[in-house]
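I opened this notebook to keep track of what I looked up in one model, moving from the chain as a whole to single residues.

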Amino acid sequence: MRTDRLVAILLLLQRREQVTAAEVARELEVSERTARRDLDALAMAGVPVYSMQGRSGGWRLVGGARTDLSGLTASEARALFLVAGQASAATPAVKAALRKLVHALPEPFRVQAEAAASSLVIDPQRWGSSRVEHRPPRFLDELQDAVIRGVQVRLGYVDREGAETERTVHPLGIVAKGPSWYLVSNTEAGRRSFRIDRVSSADPTGDPVHRPADFDLAESWREIADEVDRKRTPTEIQAVCAPHGIGLLRMVLGDRLEVGGSTTDGRIEVVIRGYNEYALAGELAGLIEWLEVTGPPGVRDHLASIGNALVERYG
């Protein structure tokens, strides 16, 4: 992130003419000590920046100097605009300033710079309860480069059963889902997502990607994630819940809870998804103070069995 911060500070100097270390620290969410060190690093790197001491002091660019972006290489331009993307931790003001700079780029770099800003989505919600942290997978950089350059990739892939296949895909974006990384692509079989740590090879073909004009990576990932969640939790039950218990259900069940309308007695209709009927019964047995399961009958039978076992053991 050091290079990203130096670019962001330079943009702040160009936009505001003068900044203090405290303002830089606040804008970039770092300590004042880090901000001062970065400002010094800009000066040592040859950027015409200087400090003014005193009550109204701060840091300025010599003569209001501006950086000539025409000297950027294609890879540097892409790296710059990755900072402006929706997955970036930069503040909205910095992102806005970076996006404006696209108009100063040489024409050959402009498309890839804009692609870089929308090539990555961060989805912090993990699948299930896994807390295992993974290092960035082997082919992450190559696949993101293919997304940004808009070229097809010959992809080797190992599925969860260990079977290896090879296919040509049209990379559309990268998603970080908790500790895992996914490639969203168009394929001959439609839109698919691939876990990047299962990619065994990634060879760009040089052929252009066929990218839908209205494609939105975040929206596409929401659709994919919803479908995966439903496959992981295929069983649905119906229930009614006391109004004051809805908050607890949301906390326990998250996206597996769908809240409906009110019944004649003032309770709330809900639909809950789970792995199977037995697992759902065990999960909901401790919520009977607020919740009444109305169907299917199999879940009610499991709940009755759990209740009898509890009475027998603890009654």
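The entries below follow the order in which I looked things up.

**Entry 1, the whole chain.** I note at the outset that this is a predicted model. I counted through the secondary structure of the protein chain and found 11 helices and 13 strands. I then looked up burial, and of the 315 residues in the protein chain, 40% are buried. For contacts with a separation of 6 or more, I found that 61% are between residues 24 or more positions apart.

**Entry 2, the largest nonpolar core.** Which residues of the largest nonpolar core touch the most other members? I found that this core has 19 residues, and that Ile237, Leu249, Val270, Ile272, Leu284, Leu291 and Val293 are the ones with the most other members in touch. I next asked where the core residues come from, and at least two are supplied by each of strand E10 (235–241), helix H9 (246–253), strand E12 (268–274), helix H10 (277–284), strand E13 (291–295) and helix H11 (297–314). As a general remark for the margin, nonpolar side chains in soluble globular proteins tend to be buried together.

**Entry 3, three residues around the core elements.** I took isoleucine 272 from the core list and looked up its contacts beyond four places in sequence, which are Thr235, Glu236, Ile237, Leu253, Arg256, Leu257, Leu280, Leu284 and Leu291. Threonine 235, one of these contacts, lies in strand E10. Is threonine 235 buried or exposed? Its relative accessibility is 18%, and because the cut-off for buried is under 20%, threonine 235 counts as buried. With neighbours within four places in sequence left aside, I found threonine 235 in contact with Ile272, Arg273, Gly274, Tyr275, Asn276, Glu277 and Leu280.

I then turned to isoleucine 246, which lies in helix H9 and is buried, with a relative accessible area of 10%. Outside the four places to either side in sequence, isoleucine 246 is in contact with Cys241, Val259, Ile268 and Val270. I also looked up the C-alpha to C-alpha distance between isoleucine 246 and leucine 291, which is 9.2 Å for two residues 45 apart in sequence.

**Entry 4, H10 against H11.** I looked up how these two helices pack, and their axes are 9 Å apart at an angle of about 50°, so H10 and H11 are oblique to each other. The crossing of H10 past H11 is right-handed. On the H10 side I listed Glu277, Tyr278, Ala281, Gly282 and Leu284, which meet Gly298, Val299, His302, Leu303 and Ile306 in H11. Sorted by type, the residues of this contact of H10 with H11 are 6 nonpolar, 3 polar and 1 charged.

**Entry 5, H2 against H3.** For a second helix pair I took helix H2 (residues 21–28) and helix H3 (residues 32–44), whose axes are 8 Å apart and pack at an angle of about 110°, which makes H2 roughly perpendicular to H3. From H2 the contact draws on Ala21, Ala22, Val24 and Ala25, and from H3 on Glu32, Ala35, Arg36 and Leu39. The residues of the contact of H2 with H3 come out as 6 nonpolar, no polar and 2 charged.

**Entry 6, backbone details.** In helix H7 (residues 140–149) I found Leu140, Leu143, Gln144, Ala146, Val147 and Ile148 buried. Glycine 150 follows H7, and its phi is positive, near 70°. Where is the cis peptide bond that I looked up? I located it between glycine 295 and proline 296, with omega about 0°, and proline 296 is in the loop between E13 and H11. For context, most residues other than glycine have a negative phi, and most peptide bonds are trans.

**Entry 7, two further residues.** Glutamine 18 is in strand E1 (residues 18–19). Not counting residues up to four places away in sequence, glutamine 18 touches Glu23, Met52, Ser56, Gly57, Gly58, Trp59 and Arg60. The C-alpha atoms of glutamine 18 and glycine 57 are separated by 8.5 Å, with their positions 39 residues apart along the chain counted as the separation.

Last, I looked up aspartate 216, which is in the loop between strand E9 (199–208) and helix H8 (217–232). Aspartate 216 counts as partly exposed, at 40% relative accessibility. Its C-alpha atom is separated by 9.3 Å from that of glycine 173, a residue 43 residues apart from aspartate 216 along the chain.

Definitions and conventions
Residues are numbered from 1 along each chain as its sequence is written. This is a predicted model: local features need pLDDT of at least 70, side-chain atom pairs count only at pLDDT 80 or more; totals for chains, interfaces and linings use all residues. Side-chain values use heavy atoms; hydrogens and water are left out. A nonpolar core is a set of buried Ala, Val, Leu, Ile, Met, Phe, Trp, Tyr and Cys residues joined through side-chain atoms within 4.5 Å. Buried means under 20% relative accessible area, exposed over 50%, partly exposed in between (1.4 Å probe, protein chains only). Contact means heavy atoms within 4.5 Å. Axes are lines fitted to C-alpha atoms, for helices over the stretch in contact, and angles run from 0 to 180 degrees between N-to-C directions. Angles under 35 degrees count as roughly parallel, over 145 as roughly antiparallel, 65 to 115 as roughly perpendicular and the rest as oblique. A crossing is left-handed if the near helix is turned anticlockwise from the far one by less than a right angle, and right-handed if clockwise. Ala, Val, Leu, Ile, Met, Phe, Trp, Tyr, Cys and Pro count as nonpolar, Asp, Glu, Lys and Arg as charged, and the others, Gly among them, as polar.
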